[in-house]
Amino acid sequence: MKIAVLGGDGIGPEVTAQAVKVLRALATRGLHFEMVECLIGGVAYDRTGHPLPPATLDAVQRADAILFGAEGGFQYETLPRGLRPGDALLTLRKDLDLFANYRPIVTFRELAGASSFRPEIVEDLDLLLIRELTSDLYFGEPRGIVVENGRRVGINTMRYTEDEIARVVRVGFEAARARRGKLCSVDKANVLESMELWRIVTEEVARDYPDVALSHLYVDAAAMALARDPKQFDVIVTGNLFGDILSDEASMLTGSIGMLPSSSLNAQGKGLYEPVHGCAPDIAGKDLANPLASILSAAMMLRQGLGQPQAANLIERAVRRVLADGLRTADIFQPGCTRAGTEAMGDAVVAALAALE
Ligand code: IPM
Ligand code: MG
């Protein structure tokens with residue numbers, strides 16, 4: 001099993017290193033991975049002049065799965081488009097057609113008190129947000145900053161074809177069927193035609209899933225419902241931009257964005273696995289970052305990309321164990337717990353893993 005490891009910028013490399021450490025620890029259980037480290041993002045730009053060098057593209061094409069850290073940095077924000085670190089990630093998503101982005105929002109019981117929400121609102125929350133990842137305003141044409149009548153105009157295009165909608169909504173229905181049988185589709189059909197089509201196509205796809213209870217919410221109401229009573233949701237499916245915003249909101253229900261893993265899959269099941277958090281340059285290299293989102297992303301990779309569900313379960317159990325033992329990075333720290341750095345957290349997960357049956 002070949003894994004392309006793309007640590008990237010900021011805290012990306014240090015959290016990814018913990019996930020790699022946990023994956024290597026599976027060797028004692030007979031699982032061996034060939035891990036190929038590649039440059040991406042700002043660090044790739046600094047060394048090669050491009051955030052997504054050909055060698056990296058080549059390696060990700062050959063790999064069975066991609067483990068990604070984070071990209072970005074203030075110093076790159078004024079580079080021309082195409083050379084910014086974020087463009088590398090967006091290109092990867094588009095080139096590999098990773099349209100189905102799974103963002104599980106799970107509040108570990110031990111962390112309910114670390115959330116800014118009341119514990120009873122978020123305790124034992126388990127919802128899955130599925131975000132479309134290769135279309136919408138992110139990729140629609142025309143786009144750009146142009147000059148019209150002597151003044152600048154910024155342009156982006158919200159655009160969805162019916163098949164782009166159908167395939168991601170289908171992923172939502174399949175996921176709901178395998179869980180608690182409830183799917184909420186989030187759109188803005190009252191205002192936007194692209195979203196009106198989203199709702200029409202969703203209703204059409206629903207005919208194949210009579211066993212799934214489908215509901216619809218406008219995105220503004222969904223943002224409110226997520227904060228008011230998040231446990232009403234099982235699976236949410238939504239477009240690229242709305243999913244970006246709602247997943248950051250939802251991360252706060254779990255205590256920290258440092259807890260949120262994700263997977264992004266194409267129709268062939270090839271995937272990129274990454275924490276939802278960004279590169280956090282302010283804490284990079286200080287052994288402060290929470291590596292659990294990256295470690296949990298590795299678990300998703302084992303389950304969805306590499307056909308190793310038992311190993312995935314083991315990693316998730318090890319993470320629970322470490323949290324139950326009271327170990328906390330700064331972002332999820334609570335009085336009475338033990339403070340751990342990035343490395344120590346990774347080591348603790350490895351130790352917990354070793355102790356599991
Ligand atoms: C995310 C991120 C990305 C996005 C950025 C880094 C381009 O915010 O994965 O949620 O907007 O999709
Ligand atoms: Mg985001």
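In this predicted model, 16 residues of domain 1 are in contact with 19 residues of domain 2. Contact here means heavy atoms within 4.5 Å. The domain assignment of the protein chain gives two stretches, 1-106 and 260-357, to domain 1. Domain 2 covers 126-252. Taken over C-alpha atoms, the centres of domain 1 and domain 2 are 25 Å apart.

Where does ligand 1 lie relative to domain 1 and domain 2? Both domains contribute residues to its shell, so ligand 1 lies between them. Ligand 1 also sits in the largest pocket.

The residues surrounding ligand 1 are Glu71, Arg93, Arg103, Arg131, Tyr138 and Asp244. By class, five residues of this shell are charged and one is nonpolar. No polar residue belongs to the shell. Tyr138 counts as nonpolar in this scheme, yet a polar side-chain atom of Tyr138 lies 2.5 Å from an oxygen atom of ligand 1.

Arg103 and Asp244 also bring polar side-chain atoms to ligand oxygens, at 2.8 Å and 2.9 Å respectively. The table sets out these distances.

| Residue | Partner | Distance |
|---|---|---|
| Tyr138, polar side-chain atom | Ligand 1, oxygen atom | 2.5 Å |
| Arg103, polar side-chain atom | Ligand 1, oxygen atom | 2.8 Å |
| Asp244, polar side-chain atom | Ligand 1, oxygen atom | 2.9 Å |

How much of the accessible area of ligand 1 does the protein cover? On its own, ligand 1 has 320 Å² of accessible area, and the protein covers 73% of that.

Note on methods. Residues are numbered from 1 along each chain as its sequence is written. Chains are lettered from A and ligands numbered from 1 in the order in which they are written. This is a predicted model: local features need pLDDT of at least 70, side-chain atom pairs count only at pLDDT 80 or more; totals for chains, interfaces and linings use all residues. Side-chain values use heavy atoms; hydrogens and water are left out. A residue is near a molecule or strand if one of its heavy atoms lies within 4 Å of it. A polar contact is a pair of N or O atoms within 3.5 Å; within protein, one must be able to donate a hydrogen and the other to accept it, and residues adjacent in sequence count only if both atoms are side-chain atoms. Accessible areas come from the Shrake-Rupley method with a 1.4 Å probe; for residues, only the protein chains shown count as cover. On a 1 Å grid over the protein atoms alone, a cavity is a set of points where a 1.4 Å probe fits but cannot get out, and a pocket is an open set with protein on both sides within 12 Å along at least five of seven lines; lining residues have an atom within 4 Å of a point. A molecule sits in a cavity or pocket if more than half of its atoms lie within 2 Å of its grid points. Domain bounds come from an automatic or database domain assignment.
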